[in-house]
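Visitor: I'm new to this one and would like to walk through it slowly, if you don't mind. Could you put it up for us?

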Number of protein chains: 2
Amino acid sequence: MLELSEIYGHIQEDLYRVEDLLESMCLVNFPHLSALLGHSLRKGGKKLRPVLTLLSGKFYDYDLDRLLPMAASIEILHSATLVHDDAIDKSSVRRGQPTVNALWGEEQAVLLGDYLFAEAGALTASTGNLRVIKLFAETLKTISSGELNQALNAFNLEQSPDQYYERVGKKTAALFAMATESGAVLGRAPEESVQVLIRYGYGLGIAFQIIDDVLDFTSSEEELGKPVGSDLTQGTFTLPAMLLLKRYPRKNPVTRWFRSRTDPADARQAIEMVRNSPAIVQECFQIASGLCEEACRDLKLLPACPSRQSLYDLANYMVQRRK
Amino acid sequence: MLELSEIYGHIQEDLYRVEDLLESMCLVNFPHLSALLGHSLRKGGKKLRPVLTLLSGKFYDYDLDRLLPMAASIEILHSATLVHDDAIDKSSVRRGQPTVNALWGEEQAVLLGDYLFAEAGALTASTGNLRVIKLFAETLKTISSGELNQALNAFNLEQSPDQYYERVGKKTAALFAMATESGAVLGRAPEESVQVLIRYGYGLGIAFQIIDDVLDFTSSEEELGKPVGSDLTQGTFTLPAMLLLKRYPRKNPVTRWFRSRTDPADARQAIEMVRNSPAIVQECFQIASGLCEEACRDLKLLPACPSRQSLYDLANYMVQRRK
């Protein structure tokens, strides 16, 4: 399997410039806010979304000055949603670091998230491109309504895989699709190619979230950078848990945990059962692989270039990653 | 004193159309979200900010189709900040109604606020005017950083009136100024007139917040639609409390409350002292009056028309209002 650094190779210099731009966003005339921004924007992460923007912008008329603010905007928008998610879930660790709410309280986390949304909006606006500006606002609407839906359905066992895919489409894939669409639009791709890249981003996003949801069961706290099984603990009914329930419909610990929420041993048992069910894990990976294959199907319509290869490689990486 | 309905008279029909647009925003294909939106967008309020947009757009080339989404956007942005403020402050009542967080929990309130920010952004984007789009994003940055500053300085006695004005400028006046600027820009006002209207909006916003902060002490729970003295209780150091402390620097209940936060009787006593200090209340009203006078100074440079008179009337209303 290729490492991300290998896949990113030919745009690594451009990605450094995105990171420089993010760094410069942290320098504001209010030291406390600078500290909050530094904490939420400097810390690692895979930078998948800005990379998708850069790659999607490379097929026709690559102009880094147009793409940079967009790529940074998408990473900031993503950070904003994480800051709010952590505040809402009262999570204390993310990417192995204490969360904003753990360090400064929920109040500061909510307001910082608002600031980050605005900063992302300002960067998008600075592209001067009305299509991506409208896309930005619509995507944030989609993400928020997906998150609302997830929160509303916490601990609800009456959810089908289709509802799961719809929710994941809103809360995760919409942002991936925005990353590819905005890159393509700012890279002056013809509309047909824009649509190919939107479908790629959306499919990749669903696959990414499925794998994320599997890893939440099967990975280690060290690799996740947060506690194992936090989705289930918080009542988020993800695909692996759905498959577990389908396989063992009676006396299932997921059912007990969602219904009573009294004994954390139920949640731990459910996590163990998924970890020890290669069939469930494999089914999730197969579904994700199928989505990635589908996502890549029309990439052949795009001009052959290193970026196209990177998109194929990213799709492969997505279903092989273990963290 | 003129009632708001009299001041709004000549744009009342247009304001109804803003309300219709807000109403239509509540109809989404997700019943739970529709309920949340209905609760936060339908409920009363003075509609000051959208009115400022409409009035500011009336001086030159009044095109309601351009102004409507902007006016609605500003009201929605305002609602979003209120929803987040209430969630953060754990307030249970606003405008005499239970808050979103009281009815559906803080999690839903944070996510609804995010959705509202996005909806406001989408409406602003729909104007297709890059200047107002950038203004929108920058204003949200300003408001959030003002709110962060206020939260950071909760229960901090070491704050000067100048710091208070700066904070109020960010958290309140910036939105008033955005309301007038966006109306003027979309109403194709010449730049000089835009600047006159920005200064008007900003000054009016500071005056509005000063009076709001006075009424938080002197009004009744019924008129406020929320508990009396909630600023002080939550540690927000506003102008009336600053003046009280200046007048009685020793053994002041504000000092005791901010330092110990143990005995609510301290806060109640401080509230009583302001209520019984006509000099303090009068000083605040005088400062607000001065700001309104200053804000109106250059309105004479604008074409004489009913809107100009309404702006004068609004400034007068601002410093005479008792709720």
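Visitor: What follows H7(A), and what is its phi like?
Guide: In this predicted model, H7(A) is followed by Gly128(A), which has a positive phi near 70 degrees. Helices (H or I, at least four residues) and strands (E, at least two) are DSSP runs, numbered from the N terminus.

Visitor: And how are the residues and chains labelled, and what has to hold before a feature counts?
Guide: Residues are numbered from 1 along each chain as its sequence is written, while chains are lettered from A and ligands numbered from 1 in the order in which they are written. As this is a predicted model, local features need pLDDT of at least 70 and side-chain atom pairs count only at pLDDT 80 or more, whereas totals for chains, interfaces and linings use all residues.

Visitor: What does chain A average in pLDDT?
Guide: Chain A averages 94, and 100% of its residues score at least 70; pLDDT is the predictor's confidence in each residue, from 0 to 100. For the complex, the predictor gives an ipTM of 0.95 and a pTM of 0.95.

Visitor: Back to H7(A): how far apart are its end C-alpha atoms?
Guide: They are 30 Å apart, which agrees with the 30 Å that the 21 residues of H7(A), 106-126, should span at 1.5 Å a residue. That expected span is 1.5 Å times one less than the number of residues.

Visitor: Is H7(A) mostly covered or uncovered?
Guide: H7(A) is mostly covered, with 20 of its 21 residues buried. A residue is buried if 20 or more other C-beta atoms, placed from the backbone, lie within 10 Å of its own, exposed if 12 or fewer, and partly exposed in between.

Visitor: How much of chain A is buried, then?
Guide: Buried residues make up 54% of the 323 residues in chain A, and its secondary structure comes to 17 helices and two strands. The C-alpha atoms of chain A fill a box of roughly 60 × 50 × 30 Å along the principal axes.

Visitor: Why might one call its radius of gyration an expected value?
Guide: With 323 residues, a compact globule would have a radius of gyration near 20 Å, and chain A has 20 Å, which agrees. The radius is taken over C-alpha atoms, and the globule rule is 2.2 Å times the number of residues to the power 0.38.

Visitor: New topic: how is chain B laid on chain A?
Guide: A turn of 180 degrees and a shift of 0.0 Å along the axis lay chain B on chain A with an RMSD of 0.0 Å, and the two copies are thus related as by a two-fold rotation axis. The superposition is by least squares on the C-alpha atoms of residues with pLDDT of at least 70 in both copies.

Visitor: How many residues of chain B are in contact with chain A?
Guide: There are 34 residues of chain B in contact with 34 residues of chain A, where contact means that the C-beta atoms of two residues, placed from the backbone, lie within 7 Å. H8(B) gives the most to the side of chain B that touches chain A, with 14 residues. By class, that side has 19 nonpolar, eight polar and seven charged residues; Ala, Val, Leu, Ile, Met, Phe, Trp, Tyr, Cys and Pro count as nonpolar, Asp, Glu, Lys and Arg as charged, and the others, Gly among them, as polar.

Visitor: Why do the copies meet through the same surface?
Guide: Because 100% of the interface residues of chain B are also interface residues in chain A.

Visitor: What about H4(B), and what covers its buried residues?
Guide: Nine of the nine residues of H4(B) are buried, so H4(B) is largely enclosed by the rest of the structure. What covers them includes H1, H2, H5, H9, H10 and H17 of chain B.

Visitor: Just before it, what is the phi of Lys47(B) near?
Guide: The phi of Lys47(B) is near 55 degrees, a positive value in a residue other than glycine. Most residues other than glycine have a negative phi. Lys47(B) is in the loop between H3 (31-41) and H4 (48-56) of chain B, and with 19 C-beta neighbours inside 10 Å it counts as partly exposed.

Visitor: One last spot: where is Arg188(B), and what does it touch?
Guide: Arg188(B) is in the loop between H9 (161-186) and H10 (191-218) of chain B. Not counting residues up to four places away in sequence, Arg188(B) touches Tyr60(B) and Asp61(B), and with 15 C-beta neighbours inside 10 Å it counts as partly exposed. In H10 of chain B lies Leu197(B), which counts as buried with 29 such neighbours.
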